[in-house]
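Please work through the following exercises with the sequence and the structure at hand. Each task is followed by a solution in steps.

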Amino acid sequence: MPTVFIDHGFRFFFFSNEGNEPVHIHVEKGGKHAKFWLHAVSLARNHGFSSTELQKIKVIIERRKGEIEGKWKEYFH
């Protein structure tokens with residue numbers, strides 16, 4: 001599970017076997033987990049994060065979207 005970065009205590013990462021899916025990022029913190037699609041940043045699934053936390057995560061993803069996409073291409077291609 002390559003970690004892309006940690007921001008505000010949230011760990012953003014990929015699973016190493018998901019290169020066949022569209023670009024996305026997983027997020028975890030304190031036993032909670034979510035998955036976001038990158039193109040038209042949107043929630044794919046959520047396990048435990050509050051709506052406030054999900055909004056914070058979405059803002060981080062939107063701000064660092066280029067970095068996430070670059071790491072995705074570097075890792076999976």
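The exercises below treat the sheet, the helices and the salt bridges.

This is a predicted model, in which local features need pLDDT of at least 70 and side-chain atom pairs count only at pLDDT 80 or more, while totals for chains, interfaces and linings use all residues. Residues are numbered from 1 along each chain as its sequence is written, and side-chain values use heavy atoms, with hydrogens and water left out.

**Exercise 1. Determine the strand order of the open sheet and explain why β1 and β5 each have one side without a neighbour.**

Step 1. Helices (H or I, at least four residues) and strands (E, at least two) are DSSP runs, numbered from the N terminus. Two strands pair if DSSP finds at least two bridges between them.

Step 2. The open sheet has 5 strands in the order β1-β2-β3-β4-β5, and the pairing is antiparallel.

Step 3. β1 (3–7) and β5 (42–47) stand at the edges with a single partner strand each, so one side of each lacks a neighbour in the sheet.

Step 4. Strand β4 (residues 32–37) is joined to β5 by 5 bridges; Phe 36, for example, has Leu 43 in β5 as its bridge partner.

**Exercise 2. Describe where helices α1 and α2 lie.**

Step 1. Contact means heavy atoms within 4.5 Å. Axes are lines fitted to C-alpha atoms, for helices over the stretch in contact, and angles run from 0 to 180 degrees between N-to-C directions.

Step 2. Helix α1 (residues 51–63) packs on the sheet and touches β1, β2 (10–13), β3 (24–29), β4 and β5; its direction makes about 45° with that of β4.

Step 3. Helix α2 (residues 65–76) lies across β1 and β3 and runs at about 160° to β1.

**Exercise 3. Analyse the salt bridges of Asp 7 and Lys 35.**

Step 1. A salt bridge is a side-chain nitrogen of Lys or Arg within 4 Å of a carboxyl oxygen of Asp or Glu. The whole structure holds 6 salt bridges.

Step 2. Asp 7 pairs with Arg 64, with the closest N and O atoms 3.1 Å apart. Asp 7 lies in strand β1 and Arg 64 in the loop between α1 and α2, so the pair ties together parts 57 residues apart in sequence.

Step 3. Arg 64 also meets Glu 67 in a salt bridge (2.8 Å, N to O). Asp 7, Arg 63, Arg 64 and Glu 67 are linked in a network of salt bridges.

Step 4. Lys 35 forms a salt bridge with Glu 21, the closest N and O atoms being 2.8 Å apart.
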